[in-house]
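Me: Could you take a close look at one helix for me, and then show me how the rest of the chain is packed? I'm new to this, so please explain the terms as you go.

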Amino acid sequence: MSDDNSISAVNLSGLSKPINTLIEKISGAIEGGCKPWQIKRVAKAEAAAELIHAENEIAISELELRAMRRFVSEEAKKQANMESIAEKAFPKLQADTDANKMDDDWVVNFFEKCRVVSSEQMQELWAKILAGEANSPGSVSKRAINLLSDMDQSEAETFQTLCRFAVLIDENVVPFVDEDEGIYENTGLYFEDLAHLDSIGLLHYDAFAGFNQRNVPESFVLEYFGTVIQCTLYSSDDYKYVTSTDHKQSIPIGYAIFTAPAIELMKFCTPTPVDGFVEYLVHRWKNHSPVVVNPDQK
């Protein structure tokens, strides 16, 4: 196995303290699996396989030899994947990061799941999560990691597309998907995609009743990629909303809501705003909700 693209090629003398600490943390948690000077264990396994092949050392069947070669090859690929993800995480560490505060079980689980990830794009996402957890231990649950490990690249891309419609409503992040509008399909997002994201644990999707956000104050804001929409609730006989004595009520927030692990994962996505979506939000809320809206650039 060549060391050209491995952590072992990194000049340790040039690494910052947070990077060195993260390497030590990874190495301790997974028995040296990512420690630069211990990467040679794969090369040693390859050498052992060659020795086994020699008839004067030990008798071995062709089937056993093929199994050994497959094992070494697979482990080398997994090792390369782990090293690549770790290296991609290094530049994302903060100067005051202390990886020693990371939970060992979390690190073990992370590398158990990410070792089969070979896509550059998916490795970048995993690297962001590794760095994010190192920078803020406890911010990413094992449940979120396990959910990500079951996602393929296509599902991750669909999730990121959905995140382009994420709106902050009274400090609650929701994927605002409402009526069968072309604005969603124009981005490649279809309602069957929402059903699929529901099936893999990223959403709760209800195409019939939808969801309401309860206990919304009389005045609140919608925020979308820096654009703030000031909202004020009003009472109307046309809507079946119950206003409480503290002037709070429920408002419709679309057909889907994120699950808790999805909210954790979306922090590491890099969605871009959808052209015309602010205007759509204003139009939708003016016509279908008991809300007065006034867009204002933050």
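Reply: Let's start with the buried residues of helix 1, where buried means under 20% relative accessible area, exposed over 50% and partly exposed in between, with a 1.4 Å probe and protein chains only. They are Pro-18, Ile-19, Thr-21, Leu-22, Ile-23, Lys-25, Ile-26, Ser-27 and Ala-29. Helices (H or I, at least four residues) and strands (E, at least two) are DSSP runs, numbered from the N terminus. This is a predicted model, in which local features need pLDDT of at least 70 and side-chain atom pairs count only at pLDDT 80 or more, while totals for chains, interfaces and linings use all residues. Residues are numbered from 1 along each chain as its sequence is written, and side-chain values use heavy atoms, leaving out hydrogens and water.

What do the buried residues of helix 1 pack against? Their partners are helix 3 (62–89), helix 4 (104–114) and helix 5 (120–135). You can also check the length of helix 1: the expected span of a helix is 1.5 Å times one less than its number of residues. Helix 1 has 13 residues (17–29), so it should span 18 Å, and its end C-alpha atoms are indeed 18 Å apart.

Now to the largest nonpolar core, a set of buried Ala, Val, Leu, Ile, Met, Phe, Trp, Tyr and Cys residues joined through side-chain atoms within 4.5 Å. Among its 77 residues, Phe-110, Ile-129, Phe-159, Ile-169 and Phe-277 touch the most other members. Helix 5 supplies the largest share of this core, eight residues.

Next, find Tyr-224 in strand 5 (residues 219–224). Tyr-224 counts as buried because its relative accessibility is 3%. Leaving out residues up to four places away in sequence, its contacts (heavy atoms within 4.5 Å) include Phe-165, Pro-273 and Phe-277. Tyr-224 and Phe-165 are 59 residues apart in sequence, yet 8.2 Å apart in space, C-alpha to C-alpha. A polar atom of the Tyr-224 side chain also lies 2.8 Å from the backbone nitrogen of Val-274.

Finally, look at Glu-264 in helix 10 (residues 260–266). Glu-264 is buried but has no salt bridge, meaning a side-chain nitrogen of Lys or Arg within 4 Å of a carboxyl oxygen of Asp or Glu. The nearest side chain of opposite charge is Lys-267, 6.0 Å away. Not counting residues up to four places away in sequence, Glu-264 touches Ser-139, Val-140, Ser-141 and Ala-144.

Key: Polar contact = N/O pair within 3.5 Å; in protein donor to acceptor, adjacent residues only side chain to side chain. Lys, Arg positive; Asp, Glu negative; His and termini not counted.
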